[in-house]
Amino acid sequence: MSQSELALRGTAGAFRLDVEVAWTERVAVLFGPSGAGKTTLLEAILGLRRNMRGRVCVAGEWLEDSARGLFVPVEERGLGWVPQDPTLLPHLSVRGNLRFGQRRAGADGAPLLDRAIEVLELGELLDRRVDELSGGERRRVALARALASAPRAVLLDEPLAALDLPLRARVLPFLLRVRDELGLPMLYITHDPNEAMLIGDVAVVLSAGRVIARGAPREILWSQAVLPFAQALGVENVLEARAQGGTRVETSRGLKLVVPAELPAGAALRLGLRAEEILLAAEPLGLISARNVLAVTVASCEREAGQALVHLDTGAEPLVARVTAAAAEALSLARGAKIYAVIKAQSLRPL
Amino acid sequence: MTGADVLAMTTLTLRVGVVAIALAFLPALGLGFWLARREFRGKAFVGALIALPMLLPPVAVGLGLLLLCGRRGPLHPLFQALGVELPFTWWAASVAAGLVGFPFFARACEQAFSEVEPRFEQLARSLGYTRGATFLRVTLPLARRGVLYGAVLAFTRGLGEFGATAVVAGIQPGRTETLALGIWSRIEQGDDAGALALCAASFSLALAATTLAEGWLRRAPRARGTPRP
């Protein structure tokens, strides 16, 4: 299999990326929490970030080498990019979007496009307008458009991230079919460990702009090397806790929580809590099914790509919540804001 | 004044307006795109410069044009080389109309382009489209409503242009006398009926242009460049 190599350094605003990694497997997963720099790295590979310096080689093809003065422009890199937001062109129909992708491949792209339409089951959708599509359909069209451009590799940026669970289950088989039937090199970004294990031949774990591990997904994602980087597990909150009898636990830093199942008192456990599973409320809620309602203070609120990562000070254990930027706006989330964090017992999962 | 006179003046006004928009089109598009996509020092100053023809008394704009492009003006040889005799011809009326309409046009273009999410352009580039092809196939189609809106605004502003045109083109019946100039001459001559007839022609022209554009804007699917999940 052909070699891929990334050695990139640079800053994007306050963010520093410093990555050096190589792999030969066909399907690589770039794995890490929100804010780890996955999308920034992907954009650098695409050639959209000229302030990143270093080397980029994708599937045996050199695209960038600052030392040699090589910088292949975006339009000549031949990569099939499927952005996190499908970015379907709203002035074109589904067919128009697919043809838009096919142009680079020319006449050779026709069989490719037909194959992509078949594998992704888009035949029925061709004459639709893109604003009539569901979230899952939009992603399939974006993927087909990338495939129709005869790319030398496909770059997918969290293709399942914004989909709800049933929709994920419907889109995932298509991704696996593309992976298995088209045989293209793939770079797949995700913050979901299950997805990483399912899709990837190799996983590159990114945290705070650096590669912290690289290897077979099954071995690496739960290894001791990665576990301390709690955020890299896609479980942004990892809590060391001890059972207090019944369903009550207390974390090592003194945060008292209710978990879904009764545990023998004194048992030690490690709980994972995903940032998007913490609800934030401006005012105390009345009677509510969620078992954990904490009065917290916002320590900081970082906005990025339509989302907001909210660091919470609970007085004991710090927590990270993720909400949409619009929600952060509506709740006026800023340092010092006094709010309530609502956590379902079911969201606290033993690791 | 006969019906043929009204028709001739209306045709001349239309021709002046269309040529004015054609002259302003590329500069407005280019400047609008540049302002929408680039951050630089002195951007506010450039913005103010563009707004000038809108803010100055049109007569002053006309005088400026005359000084620049008149027989002794620095730009006169350029127009001569192009084979265009500018001062006191309908060309001058077009340039004047284009210039006073330009701020509206360029602003509308800037606004329209800044509403197109750069993500769409990046995506097109990644699929092999050059900057130019991306502009033509993605940016412009997505911004077309705003661009058209700006063109109509500038066109209708140009139709009513009086002060700058009077100075740089003169009021010459049959040659440079557009509807706006014609109305003024009729009032001067005490021909109220003639002035009113020309007013009606002006009104119809502006209404027709705006109705056509509105109709097109309403028919064209709304293609605002905001991505959605």
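Me: How many of the 351 residues in chain A, as a percentage, are buried?

Reply: Buried residues come to 54% of the 351 in chain A; the word means under 20% relative accessible area, with exposed over 50% and partly exposed in between (1.4 Å probe, protein chains only). This is a predicted model, in which local features need pLDDT of at least 70, side-chain atom pairs count only at pLDDT 80 or more, and totals for chains, interfaces and linings use all residues. Residues are numbered from 1 along each chain as its sequence is written, chains are lettered from A and ligands numbered from 1 in the order in which they are written, and side-chain values use heavy atoms, leaving out hydrogens and water.

Me: What makes A:T87 buried?

Reply: Its relative accessible area is 1%, and the limit is under 20%, so A:T87 is buried.

Me: And why is B:F88 called partly exposed?

Reply: B:F88 has 34% relative accessibility, which falls between those two cut-offs, so partly exposed is the right term.

Me: What is the phi of each of these residues?

Reply: Phi is near 50 degrees for A:T87 and near 60 degrees for B:F88, positive values in residues other than glycine. Most residues other than glycine have a negative phi.

Me: How do you know that chain A is as compact as a globular protein of that length?

Reply: Happily, there is a rule for that. The globule rule (2.2 Å times the number of residues to the power 0.38, with the radius of gyration taken over C-alpha atoms) gives 20 Å for 351 residues; chain A has 22 Å, close to that value, so it is as compact as such a protein.
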